Amino acid sequence: MSRIGNNPVAIPEGVTVEVKENEVVVKGKLGELTQEFSAVDIKIEENQVWVTRPSDSKEHKAKHGLYRSLVKNMIEGVSKGWTKELELVGVGYRAANQGQKLDIALGFSHNIVIDIAPEVKVETVSEKGKNPIIKLTSFDKQLVGQIAAKIRAFRKPEPYKGKGVKFVGEQLRRKAGKSA
């Protein structure tokens with residue numbers, strides 16, 4: 001039994017949800033998102049979205065909670081938006097942006113320049129004495145997470161000193177180094 005799938009998703013004011021044959025379209029003040037679905041039924045009743053499954057087969061159970069969560073993330077994204085913050089930990093690690101181009105120095109022989117999708121807003125914060133922070137904001141949770149993971153993959157935090165690109169608030173597993 002999917003406990004998540006059985007919960008309705010409330011539709012806030014200013015957000016419209018349309019269900020076509022096998023597609024959900026969510027429009028809000030920040031943007032518009034579409035998601036195809038299969039193996040479940042999606043209905044809108046009294047400002048709530050209900051996701052139901054036709055049977056208790058393994059596939060239907062798996063997709064029941066999945067599509068409910070995707071619809072919830074879409075509704076929250078077009079009304080509030082999603083933000084991911086990355087912290088660059090290391091000597092000489094820097095980040096700067098000009099429009100949608102993100103320029104990162106991560107200790108390689110050259111800087112890494114990334115073109116960020118136009119749906120995602122990029123902001124870099126560099127304060128003296130603190131680690132640089134990259135803020136990614138968008139209405140699409142999947143896109144923000146994908147871009148953040150791509151940036152983090154350039155230099156993952158290593159376990160001895162903790163140097164690398166990490167999410168703000170991420171707890172790293174540290175190892176003890178060699179002891180003399």
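## Reading a histidine and a helix

Guide: Let's start with His60, whose side chain makes a polar contact of 3.2 Å with the side chain of Ser57. Keep in mind that this is a predicted model.

Visitor: Okay. Which other side chain does His60 join through a polar contact?

Guide: That would be Ser55, at 2.7 Å. His60 itself is found in helix 2, residues 58–79.

Visitor: Is His60 buried or exposed?

Guide: The idea is to compare relative accessible area with a cut-off: buried means under 20%. His60 comes in at 15%, so it counts as buried. Skip the neighbours within four places in sequence, and His60 is in contact with Ala39, Arg53, Pro54 and Ser55.

Visitor: Now helix 3. How do I read its span?

Guide: Set the end-to-end C-alpha distance against 1.5 Å a residue. Helix 3 has 14 residues, 141–154, and reaches 21 Å, close to the 20 Å expected.

Visitor: Which residues of helix 3 are buried?

Guide: Leu143, Val144, Ile147, Ala148, Ile151 and Arg152. They cover an arc of only 165 degrees around the axis, so they sit on the same side of helix 3. Over on the other side, Gln142, Gln146 and Lys150 are exposed.

Visitor: What covers the buried residues of helix 3?

Guide: The cover includes several strands: strand 7 (82–89), strand 9 (101–105), strand 10 (112–115), strand 12 (133–138) and strand 13 (164–167).

Visitor: And which residue caps the N-terminal end of helix 3?

Guide: For a cap like this, look for a side-chain oxygen by a backbone nitrogen. Here Asp140 does the job, with its oxygen 3.3 Å from the backbone nitrogen of Gln142.

Key:
Residues numbered from 1 in each chain as written. Predicted model: local features only at pLDDT ≥ 70, side-chain atom pairs only at ≥ 80, totals over all residues. Heavy atoms only, no water. Helix = DSSP H or I, 4+ residues; strand = E, 2+ residues; numbered from the N terminus. Expected span 1.5 Å × (residues − 1). Buried < 20%, exposed > 50% of the residue type's maximum accessible area, 1.4 Å probe, protein only. Arc of directions from axis to C-beta. Contact = heavy atoms within 4.5 Å. Polar contact = N/O pair within 3.5 Å; in protein donor to acceptor, adjacent residues only side chain to side chain.
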